[in-house]
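This report walks through the fold shown below, beginning with a hairpin and moving outward to the sheet, the helix, some backbone details and a pocket.

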Amino acid sequence: SWRIIWKGVLVMAIIYPLALPTVTGVAQIELRAINAVAYSRSPFTFSGQAHAYSGQAWQADITLPPMKRDAAEVWISWLIALRGQFGTFLLNDPSGVTPRGSAGGSPLVNGAAQTGNLINIDGCLPSQTGWLKAGDYVQFGSGASASLHKVLEDVNSNASGETTLEIWPSVRNAPSDNSSVVTSSAKGLFRLSSNEQAWSVNEASIYGITFGAMEAI
């Protein structure tokens, strides 16, 4: 958070992470899944060798719709309030708010100390084929601990409402046992990819705003 002392009193001003402004939607978002992989290839035989490191992270480029000043100033103030790469905000895939799977029940993390790409959960609606489907999103944690993950394979629940999610990126900080698994409007924690923010204004007073983001790790 950004804190101010006024007349000897601590005043909380901007609290991170910020939510996206709702004054307009997003015209376009480009999401990128980045993996840390080293690959070497022989110039003589063309045979290669790959080594996967633990680094996995989201990147995004967001384009806002053309807008007049009243709406634009809300977005511009929001961008500046992030103070470059200092502040954080919550971001999701606007087209992936609703899961393609049934996603019934109240899913919870099943077991402590789970990290990596396989996470056991329970509390699902029992015996569901396609409880989640490949491409659906889940969120672990909330606020400053929120992380966004994509389901890589269709997920079925067993008769006890249990299943295992294979997800990307890997879970870095183990969620608590019985903590909630968000399947609708899942979000992750991001920060701006640059310390410089810019916007354009044309002769018709129409504003153009784009910005880049990277997962806050």
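In this predicted model, the hairpin of β6 and β7 has six residues between its strands, and Gly111 in that hairpin takes a positive phi near 115°. The two strands, β6 and β7 (residues 116-124), pair in the antiparallel sense over three bridges, and one of the bridge partnerships joins Gly105 to Cys124 of β7.

The loop between β6 and β7 also holds Ala113, which counts as exposed because its relative accessibility is 67%. Leaving aside residues up to four places away in sequence, Ala113 touches Ala174 and Pro175. The C-alpha atom of Ala113 is separated by 32 Å from that of Leu82, a residue 31 places apart from Ala113 along the chain.

**The sheet**

The hairpin strands belong to an open sheet of six strands, which run in the order β6-β7-β10-β9-β8-β11 with antiparallel pairing. The edges are occupied by β6 (105-109) and β11 (181-182); each has a single partner strand, so one side of each is left without a neighbour in the sheet.

For the protein as a whole, the secondary structure comprises one helix and 14 strands. The C-alpha trace spans about 60 × 55 × 40 Å along its principal axes, and 35% of the 217 residues count as buried. Among contacts between residues at least 6 apart in sequence, 70% join residues at least 24 apart.

**The helix**

Does the span of helix α1 agree or disagree with the value expected from its number of residues? Helix α1 covers residues 69-81, and at 1.5 Å a residue these 13 residues should span 18 Å; the end C-alpha atoms are 17 Å apart, which agrees with that expectation.

The buried residues of α1 are Ala71, Ala72, Trp75, Ile76, Trp78, Leu79 and Ala81. An α-helix has 3.6 residues a turn, so residues three or four places apart point the same way. The cover over the buried residues of α1 includes four strands, namely β5 (89-91), β12 (188-192), β13 (199-201) and β14 (207-215).

**Backbone details**

After α1 comes Arg83, with a positive phi near 55°, and this residue is found in the loop between α1 and β5. A positive phi is also found at Ala103, again in a residue other than glycine and again near 55°; Ala103 is found in the loop between β5 and β6. As for their surroundings, Arg83 is partly exposed, since its relative accessible area is 31%, whereas Ala103 counts as buried because its relative accessibility is 15%.

Two cis peptide bonds can be set side by side in a table.

| Residues joined by a cis peptide bond | Omega |
|---|---|
| Tyr16 and Pro17 | about 5° |
| Trp168 and Pro169 | about -10° |

The two prolines have these settings: Pro17 lies in the loop between β2 (9-12) and β3 (28-41), while Pro169 lies in strand β10, which is one of the six strands of the open sheet.

**The largest pocket**

Rolling a probe the size of a water molecule over the atoms shows where empty space is left. How much space lies in the largest pocket? The volume there is about 390 Å³, and the elements that give two or more residues to the lining are β9 (147-151) and β10 (163-171). Both of these strands take part in the open sheet, where β10 and β9 follow one another in the strand order.

The lining of the largest pocket is made up of 20 residues, and those that lie nearest the centre of the pocket are Phe140, Ser145, Ala146, Ser147 and Asn173. By residue class, the lining divides into nine nonpolar, nine polar and two charged residues.

How values were computed:
Residues numbered from 1 in each chain as written. Predicted model: local features only at pLDDT ≥ 70, side-chain atom pairs only at ≥ 80, totals over all residues. Heavy atoms only, no water. 1 Å grid on protein atoms, 1.4 Å probe; cavity = no way out; pocket = protein on both sides within 12 Å on 5 of 7 lines; lining within 4 Å. Points joined across faces, edges and corners; volume = space filled by probe spheres on them. Nonpolar A, V, L, I, M, F, W, Y, C, P; charged D, E, K, R; others polar. Expected span 1.5 Å × (residues − 1). Buried < 20%, exposed > 50% of the residue type's maximum accessible area, 1.4 Å probe, protein only. Contact = heavy atoms within 4.5 Å. Pairing = 2+ DSSP bridges.
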